[in-house]
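Hi,

Here is the structure I said I would pass on. Have a look at it first, and my notes follow underneath.

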Amino acid sequence: MSSEELRPEEFAQAADAAITDALSRADAHEMAAVLAQAGLCGVMADEADGGLGLDLAFALPIAHAAGRLQLPLPLAEQMVLSKALAGTPHAAVLVAGERLAGIAWQGSVQQGSARADHGPADWVLVADGDGAALLDVRDAAQEPQAALDPDHPQIWLTLAGAPVLARLDAQAWRTLEASAQLLLAEFANGAAEGALQAAAGYLATRVQFGRPLSAKQAVRHLLARMRLLQDVSSAAIRRAMNTDEFGAPRDTRPALASAVANAAFVIEKSIHLHGGMGFTWELPLHPALRAVRKLDAAFSGVSRAVGRDFIESV
């Protein structure tokens, strides 16, 4: 079957089944093996490396499902790295799920440290001058930071002595960065959708004074606003995938910044509508909020940078 006969939305159902299966496994590498067997890790990778050779549009539903189902692995990063490393043995390893790979959005090789924010990783791509370097960090010193997420903490890595597996030049790094930002934006949007679905289901069955809570006008207005923010994020992501009116690539940072902010609002309001004050253990909703807040911390300063660039462009 050619890529012209496939539709991105068809990947959502397959991704749901594979991620649900992966979440039943206790070990992160067992999870990765399940995802790789389903073809999720290599959806964008070259066919010569064992991938499917599809474009970003087919990876977005997978990232969305990962966010909605609260997958604690750097699947978005794995997908873009397996494509960026095309033609190397490392790409085939990532496609097969034999190693987990992440991207450090803070730190650099020159600084000697970097932070892994989005799940456990054997290999981490770190900024290196104008480009980036893929490092093996399995033996690197690690300092967990559990302030935002005690269950899946961010980790500062000491890079001294970490073997360099591959390098990306400036152009390849920029291309990967743009794709990763859109996938992580879709991950956040998926996390928001999961929370909104949980809230809508709860409010439809929770009855007060003989009426479901969803019948109350104030509640319906809030749910509508939450859904609107989700749609705004989705539209911004799809718009950023296309070139502008001059044929130039669009900046992906605004889509990421708005998706993270909108997702945090939706998840926080979902917790509030459940009667929670920051935690809702039974569902749970708090892991979704933690995941989005870690993305917010990883890209701290992006919103301000986008605003500054816009003002200067005017």
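I'll start at one particular pairing: Leu135 has Val164 of β8 as its bridge partner. Bear in mind throughout that this is a predicted model.

That pair belongs to the contact between β5 and β8, which run antiparallel and are joined by 4 bridges. On to the other neighbour of β5: β4 is also antiparallel to β5, this time with 6 bridges, and one of the pairs there is Leu125 with Leu134 of β5. The link from β4 to β5 is a hairpin with 2 residues between the strands, and Gly129 in the turn has a positive phi of about 65 degrees.

β4 (residues 123-128) then pairs with β1 in the parallel sense, over 3 bridges. Ala101 is matched with Trp123 of β4 there.

Put together, you get an open sheet of 4 strands, in the order β1-β4-β5-β8, with mixed pairing. The edges are β1 (101-103) and β8 (164-168), each of which pairs on one side only. On average, and ignoring direction, neighbouring strands in this sheet are turned by 25 degrees against each other.

Two helices to look at against the sheet:

- α4 (residues 75-84) packs on the sheet and touches β1, β4 and β8, with its direction at about 95 degrees to that of β1.
- α6 (residues 170-205) lies across β1, β4, β5 (131-136) and β8, and runs at about 90 degrees to β8.

So what about burial? In a regular strand, side chains alternate between the two faces of the sheet. For β5, both faces are covered: Gly131, Ala133 and Leu135 are buried on one side, and Ala132, Leu134 and Asp136 are buried on the other. That makes 6 of 6 residues buried in β5. Note that Asp136 is among the buried ones, and that Leu135 is the residue we began with, the partner of Val164.

α4 is mostly covered as well, with 8 of its 10 residues buried. The buried stretch takes in Leu75, Ala76, Glu77, Gln78, Met79, Val80, Leu81 and Ser82. Those buried residues pack against β1 and β4 from the sheet, and against the helices α2 (28-37), α3 (56-68), α5 (89-95) and α6.

Now the pockets. Which helix gives the most to the lining of the largest pocket? It is α6, with 6 residues. α4 and α7 (217-241) each supply at least two residues to that lining too. The pocket has a volume of about 360 Å³. It is lined by 18 residues, and the closest to its centre are Leu56, Thr175, Leu176, Ala178 and Ser179. By class, the lining comes out as 11 nonpolar, 5 polar and 2 charged residues.

The second largest pocket has a volume of about 270 Å³. Here α7 and α8 (253-273) each supply at least two of the lining residues. The lining has 6 nonpolar, 1 polar and 5 charged residues. If you want to find the spot in the viewer, the lining includes Arg239, Asp244, Glu245, Arg250 and Asp251, along with Phe246, Pro249 and Ser258.

That's what I have for now. Shout if anything is unclear.

Cheers

Technical notes:
Residues are numbered from 1 along each chain as its sequence is written. This is a predicted model: local features need pLDDT of at least 70, side-chain atom pairs count only at pLDDT 80 or more; totals for chains, interfaces and linings use all residues. Side-chain values use heavy atoms; hydrogens and water are left out. Two strands pair if DSSP finds at least two bridges between them. Axes are lines fitted to C-alpha atoms, for helices over the stretch in contact, and angles run from 0 to 180 degrees between N-to-C directions. Contact means heavy atoms within 4.5 Å. On a 1 Å grid over the protein atoms alone, a cavity is a set of points where a 1.4 Å probe fits but cannot get out, and a pocket is an open set with protein on both sides within 12 Å along at least five of seven lines; lining residues have an atom within 4 Å of a point. Grid points are joined across faces, edges and corners, and a volume is the space filled by probe spheres set on the points. Ala, Val, Leu, Ile, Met, Phe, Trp, Tyr, Cys and Pro count as nonpolar, Asp, Glu, Lys and Arg as charged, and the others, Gly among them, as polar. Buried means under 20% relative accessible area, exposed over 50%, partly exposed in between (1.4 Å probe, protein chains only).
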